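Please open the model in your viewer and keep the selection tool at hand, as this tour moves from one selection to the next.

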Amino acid sequence: MITIVGGGLAGSEAAWQAASRGVQVKLFEMRPSRPTAVHKTDRLAELVCSNSFRGDKLDNAVGLLKEEMRRLGSLVMRAADASRVPAGAALAVDRERFAQAVTDTLAQHPLVTLERGEVVAIPPSSEREPVILATGPLTSDALAADVRRLVGQDYLYFYDAISPIVLAESIDREKVFRQSRWDRDTAGLKARTTSGSDTPGQIIQAGPSCGVDDGQGDYLNCPMTREEYERFHDAVIHAESATVHDFDKEKFFEGCLPIEVMAHRGVDTLRFGPMKPVGLSDPRTGRTPYAVVQLRQDNIAGDHFSLVGFQTQLKWGEQERVLRMIPGLEQAEFVRLGMVHRNTYVNSPAVLAETWQVRTRPSLLLAGQMSGVEGYVESAAAGLMAGLTATSLVKGEPIVPAPQTTAIGALAYYVSHANPAHYEPSNITFGIMPPLPAGAPAARSKNKLARKLAIADRALADLQTWMHERTSQTVPAVSPA
């Protein structure tokens, strides 16, 4: 049996991988008996910060990682594909449907026992009864202290902030316009039922359109003139922030900076960041706005929209005042306001092996953001691989890491081999994957898109070889509820 602590993306994925391969799983989730500051429900795999899984094409590293996970039978990816909402070249989901699909699937699996309640210490583990800790960045204080004692390392930390969500009917549609950046939308993607090694119903690339994930999709756009933007910027930098513990030592993840932190870096930082207007043209004027705030559909019903890239730690009253300065949001009703919380993770290169096992205790594995990765997809990928490793331990099978030439293998290699003296959680990027051999035709090409697609082709071929070499490898046949 495998014991998994934490029912987020990583823990849920690990449980699915193990149970689908015939191994009994006990999954602990402390909610609702022990709530957190940011979760709202008791569902497994509840998404907190955003509803976006980022880019979904093969010329984007996170798109490649998602495709690898689909081929490995990922529950998280199946549930995401089944609950997707319009987001152009990215994969965004209806939060409630996504979490319900994951929860129902695991609750109904005969080999999964779901236990509700806080685990305050690391459970005993052995080679035939391994333990996976996937408690995420909001690990309870008692368990976090026990992990700290085990690994013998001080925790690193950074603060994470989440974006506000607005009620769709409160948006002034006379002042906003719907448009995809560069007029790109889901036309570059299509769903089909595939056979062979592919996962049924996967989303595949129909053409070589750009998959760079920079907020593109079927979004509502709130345009600003220069005067409106400068007033907004001034309001942001003078607004009062919420109190943050250890504020004097705060360290935000660069990919998730609060808007007020960016605003303090310079008057144009927001305009070249989440408020960049490039690729957009206001149909009423025919011109590119000076700045734009994008709103992304947050659920299938289309009655909630999130402010893209607008993570913030401003006090709630200040948020409402400042955000209502955005054209179209003057009368906005906020379903959720932004907040800041502390994300905790271990110094993984000093702690973890490439198989997500703790070096000093191989029957214990870490997965998810606690293991030193950043992002929804990366967290789920860590859970997937930890689930496969734990399954191999239970069955007494050889443990072979995924090839470094794959996205999922490169992520594991980075987490276990980066410099521990300067470690920060990382998203998957092509930069942490090995380059193409010097003699490869694409390696000599000046076309970046061709090089990225060649790296993706190599990754998927190597993944397929690795899957065949794993004697116990099977793709789960059960679809999410």
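A residue is called buried here when its relative accessible area is under 20%, and exposed when that value is over 50%. The model is a predicted one, which is worth keeping in mind at each stop.

Begin by selecting residues 226–238, which make up helix α6. From the first C-alpha to the last, these 13 residues reach 18 Å, close to the 18 Å expected at 1.5 Å a residue. Within α6, now colour Y229, F232, H233, A235 and V236, which are buried. If you look down the axis of α6, these buried residues fall within an arc of 165 degrees, so they line one face of the helix. In general, an α-helix has 3.6 residues a turn, so residues three or four places apart point the same way.

Next, add β13 (219–224), α7 (259–263), β14 (291–297) and α8 (316–323) to the view, since these are the elements against which the buried residues of α6 pack. Then turn to the face directed away from that buried side, where the exposed residues R226, E227 and H238 are found.

For the second part of the tour, select the open sheet of 6 strands, whose order is β6-β2-β1-β7-β19-β18 and whose pairing is mixed. Its edge strands, β6 (112–116) and β18 (357–358), each pair on one side only. Helix α1 (residues 9–19) packs on this sheet, where it touches β1, β2 (25–29), β6 and β7, and its direction makes about 170 degrees with that of β2.

Finally, zoom in on β1 (residues 2–5) and β7 (residues 131–133), which run parallel and are joined by 3 bridges; here T3 has V131 of β7 as its bridge partner.

Note on methods:
Residues are numbered from 1 along each chain as its sequence is written. This is a predicted model: local features need pLDDT of at least 70, side-chain atom pairs count only at pLDDT 80 or more; totals for chains, interfaces and linings use all residues. Side-chain values use heavy atoms; hydrogens and water are left out. Two strands pair if DSSP finds at least two bridges between them. Helices (H or I, at least four residues) and strands (E, at least two) are DSSP runs, numbered from the N terminus. Contact means heavy atoms within 4.5 Å. Axes are lines fitted to C-alpha atoms, for helices over the stretch in contact, and angles run from 0 to 180 degrees between N-to-C directions. The expected span of a helix is 1.5 Å times one less than its number of residues. Buried means under 20% relative accessible area, exposed over 50%, partly exposed in between (1.4 Å probe, protein chains only). The arc is that of the directions from the helix axis to the C-beta atoms.
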